[in-house]
Amino acid sequence: MPVFSHAENFNHEQIAFCRKDEVGLKAIIAIHDTTLGPALGGCRFYDYPSEADALRDVLRLSRGMTYKAACAGLNLGGGKAVIIGNPRVEKSEGLFRAFGQFVDSLGGRYITAEDSGTAVSDMDLIRQETTHVCGVSKFAGGSGDPSPVTAWGVFHGIRAALDEVYGTPELEGRTIAIQGVGNVGYNLVRYLHEVGAKTIVADVDDERLQRCADEYGSTVVGLDAIYDADADVFAPCAMGAILNSNTIPRLKAKVVAGGANNQLDDIKLHGEMLQERGIVYAPDYVINAGGLINVYAEIKHMPREKALRDAESIFHTLKRIFSLGKEHGITEAQAANLVAEQRIRQIGKLAAFQRGGL
Ligand code: NAD
């Protein structure tokens, strides 16, 4: 399996293969870029069909973290880790502590965190071996559930996209269709209700739907009907790849802005399809950066209030992305990449200057 010439290896700085047979640990840590700071990214625990799939995933995800941190204005680089195995049966104290030792051996170049398949309690085990971990429990000095901050960032992202389309960010009287009312979606419903917006919700979980209907008067629709909802904004807050050739033509909303990761099935094709339909798209990794902003605050020992305030700046970041997109005739997703790359280049020059390299 090629590593240096791997199709997803976009000039990654370091890839560490971690193995400890005694505890069943097989992990890969990928550090994509540390120009802006230590590479931060979650640790995914997943039963990959092959080692090649695990490598592809960690390379792709770590690069995504570089862009996300750069756009969010954080002094963080991009990294990610994957543990290969079934999290339901293969988790153990020994495995996570061994993983923590590998993280520690990188001397702070990589900071790990929760991701799918790992939990706060796993981060607490890793914390016993290294300080380079965040998202630990409040008891262990962590910042707790990041989703209220993520939802707060999405809320302000929706305002920015509305401003772009209607010339005002006002939410009162607007209707938002939300796909998925879990941790992020539920908090978003709450924030929207507080400012007088109406919500239409869909979820596979009936209890979660009922909670939104009872507490915030949300209208409940079926899983498929959410794409046809008569709404100003469509906010995907469940899973990825839901913006595709089948769903985009059905949208009535003039804005797509939600917290889910990897919303576009094909970044180029479906980004352009949205644009052709006159729909403003808030790039997922920009609008859902609140969770990362929250762990950054944790690392810097700053309070939750500071994280919430920083998440509000997603409004201005998106406005800049929208105007750059128009200026260059490119999609919002492409404009977001430009903003990230510009910042990395600029700050990279500063760092070189400090070292006397310029
Ligand atoms: P969650 O698991 O708490 O919520 C997801 C919700 O989607 C659940 O209620 C689930 O029942 C529902 N769902 C699943 N399949 C569905 C379907 N087909 N249609 C409608 N609903 C469906 O997860 P979360 O933490 O709220 O995260 C939601 C999304 O946001 C994910 O894509 C996640 O990667 C992303 N995200 C979350 C955070 C965070 O801080 N939690 C940060 C950044 C990005």
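Modeller: A polar contact here is a pair of N or O atoms within 3.5 Å; within protein, one must be able to donate a hydrogen and the other to accept it, and residues adjacent in sequence count only if both atoms are side-chain atoms. This is a predicted model, with local features needing pLDDT of at least 70 and side-chain atom pairs pLDDT 80 or more, while totals for chains, interfaces and linings use all residues. Numbering starts from 1 along each chain as its sequence is written, and side-chain values use heavy atoms, without hydrogens and water.

Biologist: OK, how far is the polar backbone atom of glycine 259 from an oxygen atom of the ligand?

Modeller: Two side chains also point polar atoms at ligand oxygens: threonine 150 at 2.7 Å and arginine 208 at 2.6 Å. Glycine 259 uses a polar backbone atom, and its distance to a ligand oxygen is 3.2 Å.

Biologist: And which residues come nearest to the ligand?

Modeller: There are 22 residues around the ligand (a heavy atom within 4 Å counts as near). Coming nearest are Thr150, Val184, Asp203, Arg208 and Asn261.

Biologist: On to the helices: how are H5 and H11 oriented to each other?

Modeller: Helices are DSSP runs of H or I, at least four residues, numbered from the N terminus. The axes (lines fitted to C-alpha atoms over the stretch in contact, with angles from 0 to 180 degrees between N-to-C directions) of H5, residues 147–166, and H11, residues 304–312, come within 8 Å and cross at roughly 25°. Angles under 35 degrees count as roughly parallel, over 145 as roughly antiparallel, 65 to 115 as roughly perpendicular and the rest as oblique. H5 and H11 are therefore roughly parallel.

Biologist: Which residues of H11 make the contact with H5?

Modeller: Contact means heavy atoms within 4.5 Å. H5 brings Pro148, Val149, Trp152, Gly153 and His156. On the H11 side sit Arg304, Ala307, Leu308, Ala311 and Glu312.

Biologist: H10 also meets H11; which residues in H10 do so?

Modeller: The axes of H10 (residues 290–299) and H11 come within 9 Å, crossing at roughly 145°. In H11, the partners are Arg304, Ala307, Asp310 and Ala311. In H10, they are Ile293, Asn294 and Ala297.

Biologist: Last one: how are H3 and H4 oriented to each other?

Modeller: Glu93, Phe96, Arg97, Phe99 and Gly100 in H3 meet Asp122, Leu125 and Ile126 in H4. The axes of H3 (residues 93–105) and H4 (residues 120–127) come within 7 Å and cross at roughly 60°. The two helices are therefore oblique.
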